[in-house]
Each structure stands twice: as structure tokens, then as C-alpha cells.
Amino acid sequence: MWSPISRRSFLRTAGGAAGLAALGPVLAACARAAGGFDGDPEGVVHVANWPLYLDRDRDLNGNLIRPSLLRFTDETGIQVDYREVIADAEGFYQQIAPYLASGRPTGWDVMVITNGVTLTKLTQLDYLEPLDLAQRPNFEKNVAEPFLDPPYDPGARFSMPWQSGITGLAYNPALTGRELTSLDELFNPEWAGRVGMFGDAVDLPNLSMIAAGIDPETSTPDDWARTAEMLRAQRQDGIVNRSFRQNYVHGLANGDVAVSMAWSGDIFQANAIGAEEGLQFVVPDEGAILWTDAMVIPRRAEHPVDAMRFMDFVFDPTIAALIAAYVNYVTPVPGARDVLLDMAEHAETEEERASLLTVANGSLVFPDDEDLAALKTYRELTTDDEITLWNEAFSEFYV
């Protein structure tokens, strides 16, 4: 079952507001003191995630079901209260921060937070439970090597990856007439008035630094200023058609833009459902950004043992395959590919078989070692001064 819109696109739309508004009753209901990782599961886990970020299907009566969650409950006896309440990492943080600061439960046992400013802040403020490393055998056995020691969480002590994605380059070959492989194309006068850029505070600066030959992970305020000047010149030269916060895929397909910054899952999904046939996504020669939405357990979580069981469960390759087949972003479990191939072999219809093979053979879901080696992560902003300087450099490009 293909998702018609990605999690990253969805968070830009009005749909996320209702999810944040629904957060209050869950938080207010929490009063009991939280425990540690000792003891048995209590039979329930409360999970906060982004919209359209978990497999779904319909039962024989037409009711929405979550196959992976049903399997988890069947195998463990733990019920999952799963809610799509995160529309923006920082906005979600502002909702739960008062509870964390006062040492009260947030109402969530598992939260999915994108690496970057918010995740760094949660860690630095000691708002996250250090994970019980002995209770994640699936993770240790099946996770891809880069996630064992990610730069945003050395040793994966506080987080485990949910899904990842790549911020790179996309283009419409019918408009460009040739293959594009370099970030230089975003600044190429050949495409004047037909280039799409993001208008955000994270992907735009980090990918632009790669285009400038700067490693964003180790960049300095001087690097930020130089990158901002490059972006300023790009606008002054009339190269940028517009800055996007959503719907850039439509812009590529209808000819408004020929080349754009892009998220891997968006292009994969668009082509998979046949909506925007033929768009191309590439990891540029200079490299791209790998971002990760990570599962964490907040301090004072009421069901930490249940949370660890849930977090480790999704690293079973069979479960990871179910999730990857729906969300189409980079799975942290390479072994999910063999499961998808086996599922395709036993598919009941040719349509189902073709869909599963598309995911299993997709380099945007299972990037190869060469692609992974070319990926960087976001610059971690660890102080208020850094955040201020970052915004001073790039805020004129936000939309």
C-alpha cells in the first residue's frame, strides 16, 4: 500500500496542527511515577511519531489496521497507543518541555525525533533515558553499521533509528535533456529561473555547504557566512525559481523547475505510484545529507521496559520490511531487503509483486556502500550562541 504523500511533505501542511492540538489530554493524564528498566513489561507503550510513517492496511471489514503493531502485540502482549502527533520536532518539544523540566512524565514512552537541534537539546538537558543496551538484541544484530555509532549520538546510547532519508538533488530529465550529477547544477546559470531550493533552517544550509566544498559536520561561523553569500548570489543572479517548503515534486513535474533540492523518499514515492513518472533523484558527486528520525525514551517515561521491547522489535527484518514497504525511506535494517524479495516471490498479485520489487531494488531505500560513504549529517548546534550565529547567517532564506 503506497503512501500518497511523504512524512516530510505532510509536516509542511495544515494536517499536523490537529495532531499537536491533541497532545494536551495525553500529557494531562499522566501522574504516576516512572520506573527504570528492571522488571517485567506492564502491557502498554505510548508512541509519538510523525504522520504517514508506519505501515497500514485494511482488514476484511475495511477498518484501518497496522500490521506491524498487531504482530508486536501478538508476540509480546503489549498494546501500542500509537499516535501521529509530531508535525515539527521543535514544536513537539515545546509541548513536552514543561513536563520534562519539572520531572513529570510527558505521556510518551517512545518519541521519534529528527537528529539536529531538538535531539541535541534533549540530550544535553538530560531529558532522555540512557537506553538499556542489554535489551536490544535485534538492534545489535540487524542494524546497519553507520547507526551503531552515529555522530549525533555516539554509541547510540540515547537513540535508535526509526527511518532515515537523504537530502540531495532531483531533476526532470524531460526538461534538462541530460543527466545531472553535481550540486553545481543548483547554481548553474543554464537553469536560471528553473531551480528549486528549500526554504528551511536545516536542509538548505547543510546541503549548500556541501555544494561550497564545506563539510557541514565540522563547519564554522565563517563557513556559514561564505555559504550564505553563495546563496545570496544565486538569488541575485535570478537562478532560483522559488524556495519550497512543500510541493516541490509538483513543481518538478509540471515544469516550473527543472532541478531542485529534494528528499529521497518523496521522489521514490512519486515515481512508485506513477504520479510523476520519470523524475530522477541522485546523490550528487559532492555528497548529500543523511538525516535520521530517531526513537528515544523521555525521562520519567511510565513504561520504559515496554518501550525497549517496542524499539528493539522494529529491528526484526520482517517488521522492518513491512515498514519500509509503506514509508519508502531509508531503512536502518539492510536485511529487510531479503524479506521484501521473499514477499515478492510469494505475492498474490502481479501488482503487489511489482510494488515489493520496486522497494527491494530501490537505491533510495537500500543505498549501497558507495552512496552511504558520500553522505554527511547535519551540523550539530550545541550552544545558544551557535544557534544565534546560524540564524543570523541563513534566516533571510527561510520561508
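1. Arg-56, Arg-66 and Glu-84 are joined in a network of salt bridges. The model is a predicted one. Within this network, the closest N and O atoms of Arg-66 and Glu-84 are 3.0 Å apart. Arg-66 sits in the loop between β3 (64-65) and α4, and Glu-84 belongs to strand β4 (residues 79-84), so their salt bridge ties together parts that are 18 residues apart in sequence. Arg-66 counts as buried because its relative accessible area is 14%, under the 20% cut-off. Glu-84, at 26%, is partly exposed.

2. The whole structure contains 15 salt bridges. One of them, Asp-215 with Lys-376, has its closest N and O atoms 3.5 Å apart. This pair links distant parts of the chain: Asp-215 is in the loop between α9 (203-211) and α10 (221-236), Lys-376 is in strand β12 (residues 375-376), and their positions lie 161 residues apart in the sequence count. Both ends are partly exposed, with a relative accessible area of 25% for Asp-215 and 30% for Lys-376.

3. The loop between α8 and β7 holds a salt bridge as well. Glu-190 pairs with Arg-178, with 2.9 Å between the closest N and O atoms. Glu-190 and Arg-178 are both placed in the loop between α8 and β7, twelve residues apart. Glu-190 is partly exposed at 41% relative accessible area, and Arg-178 is partly exposed at 33%.

4. Is Trp-191, in the loop between α8 and β7, buried or exposed? Its relative accessible area is 1%, so Trp-191 is buried. Trp-191 and Val-259 are 68 residues apart in sequence, while their C-alpha atoms are 7.8 Å apart in space.

5. Asp-184 is also found in the loop between α8 (173-176) and β7 (195-198). Together with Glu-179, Asp-285 and Glu-286, Asp-184 forms a negative surface patch. The relative accessible area of Asp-184 is 47%, which makes this residue partly exposed; membership of a patch requires over 30% and no salt bridge.

6. Helix α4 (residues 67-76) has buried residues at Ser-68, Leu-69, Phe-72 and Thr-73. These four lie on the same side of α4 because they cover an arc of only 135° around the axis. Asp-74 and Glu-75 are exposed on the other side of α4. An α-helix has 3.6 residues a turn, so residues three or four places apart point the same way.

Technical notes
Residues are numbered from 1 along each chain as its sequence is written. This is a predicted model: local features need pLDDT of at least 70, side-chain atom pairs count only at pLDDT 80 or more; totals for chains, interfaces and linings use all residues. Side-chain values use heavy atoms; hydrogens and water are left out. Patches are made of residues with over 30% relative accessible area and no salt bridge: like charges are joined within 9 Å, nonpolar side chains (Val, Leu, Ile, Met, Phe, Trp, Tyr) within 5 Å. Accessible areas come from the Shrake-Rupley method with a 1.4 Å probe; for residues, only the protein chains shown count as cover. A salt bridge is a side-chain nitrogen of Lys or Arg within 4 Å of a carboxyl oxygen of Asp or Glu. Lys and Arg count as positive and Asp and Glu as negative; His and the chain ends are not counted. The place of a charge is taken as NZ of Lys, CZ of Arg, CG of Asp or CD of Glu. Helices (H or I, at least four residues) and strands (E, at least two) are DSSP runs, numbered from the N terminus. Buried means under 20% relative accessible area, exposed over 50%, partly exposed in between (1.4 Å probe, protein chains only). The arc is that of the directions from the helix axis to the C-beta atoms.
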